[in-house]
Amino acid sequence: MKSLKMKFIMIAAFMFVVALSVPAQDIFAPMEAALKTGSAANLSKYLNQTVDVTFDDAQTTFDRKAAESALEEFFKKNPPSGFDIIHTGASKGGLKFAIGRYTSASTHYSVLMRIRESGNARLIHEISFVKE
């Protein structure tokens with residue numbers, strides 16, 4: 001009887017953890033799709049009014065329109081052959097983040113996106129592309 005109760009508790013705990021992680025993936029799904037296709041226009045829908053954009057070690061704070069142009073230029077120089085989110089999480093303060101891998105020809109980039117809630121929207125306030 002105790003083993004059945006223990007199995008139930010383990011299954012319930014697992015389902016609880018999975019249920020908590022699913023919404024985080026949903027938050028990033030449209031951003032992931034935009035990165036997979038290299039669409040700066042689609043990605044810009046999820047950019048904050050100002051956004052920190054990093055390419056390797058060069059970080060710049062852009063307004064939304066300028067960030068879109070910088071991302072468009074990056075995608076032209078590095079057309080995507082794939083993008084996958086590897087990990088999502090949240091800080092103690094509730095700041096959500098995703099770590100992914102962007103692939104272009106033979107070059108791979110680690111991608112970090114940090115999301116803040118702005119009204120009812122969740123917007124990217126930082127995105128980084130660092131060559132692996």
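Hi everyone, let's start with the core: of the 132 residues in this chain, 33% are buried, where buried means under 20% relative accessible area, exposed means over 50%, and partly exposed lies in between, with a 1.4 Å probe and protein chains only. Before I go on, a word on the source: this is a predicted model, so local features need pLDDT of at least 70, side-chain atom pairs count only at pLDDT 80 or more, and totals for chains, interfaces and linings use all residues. Residues are numbered from 1 along each chain as its sequence is written, and side-chain values use heavy atoms, with hydrogens and water left out.

How confident is the predictor? The mean pLDDT is 85, and 81% of residues reach 70 or more; pLDDT is the predictor's confidence in each residue, from 0 to 100. Please be careful with residues 12-24, though: pLDDT is below 50 there, and beyond near neighbours in sequence the stretch has one contact in the model. Contact here means heavy atoms within 4.5 Å.

Now the fold. The chain has three helices and six strands, in the order α-α-β-β-α-β-β-β-β from the N terminus. These are DSSP runs numbered from the N terminus: helices are H or I with at least four residues, strands are E with at least two. Of the contacts with a separation of 6 or more, 44% join residues 24 or more positions apart.

Last, let me show you one residue. E117 sits in strand 5, residues 107-118. Is E117 buried or exposed? E117 counts as exposed, because its relative accessibility is 54%. Its C-alpha atom lies 9.0 Å from that of K96, 21 residues away along the chain.
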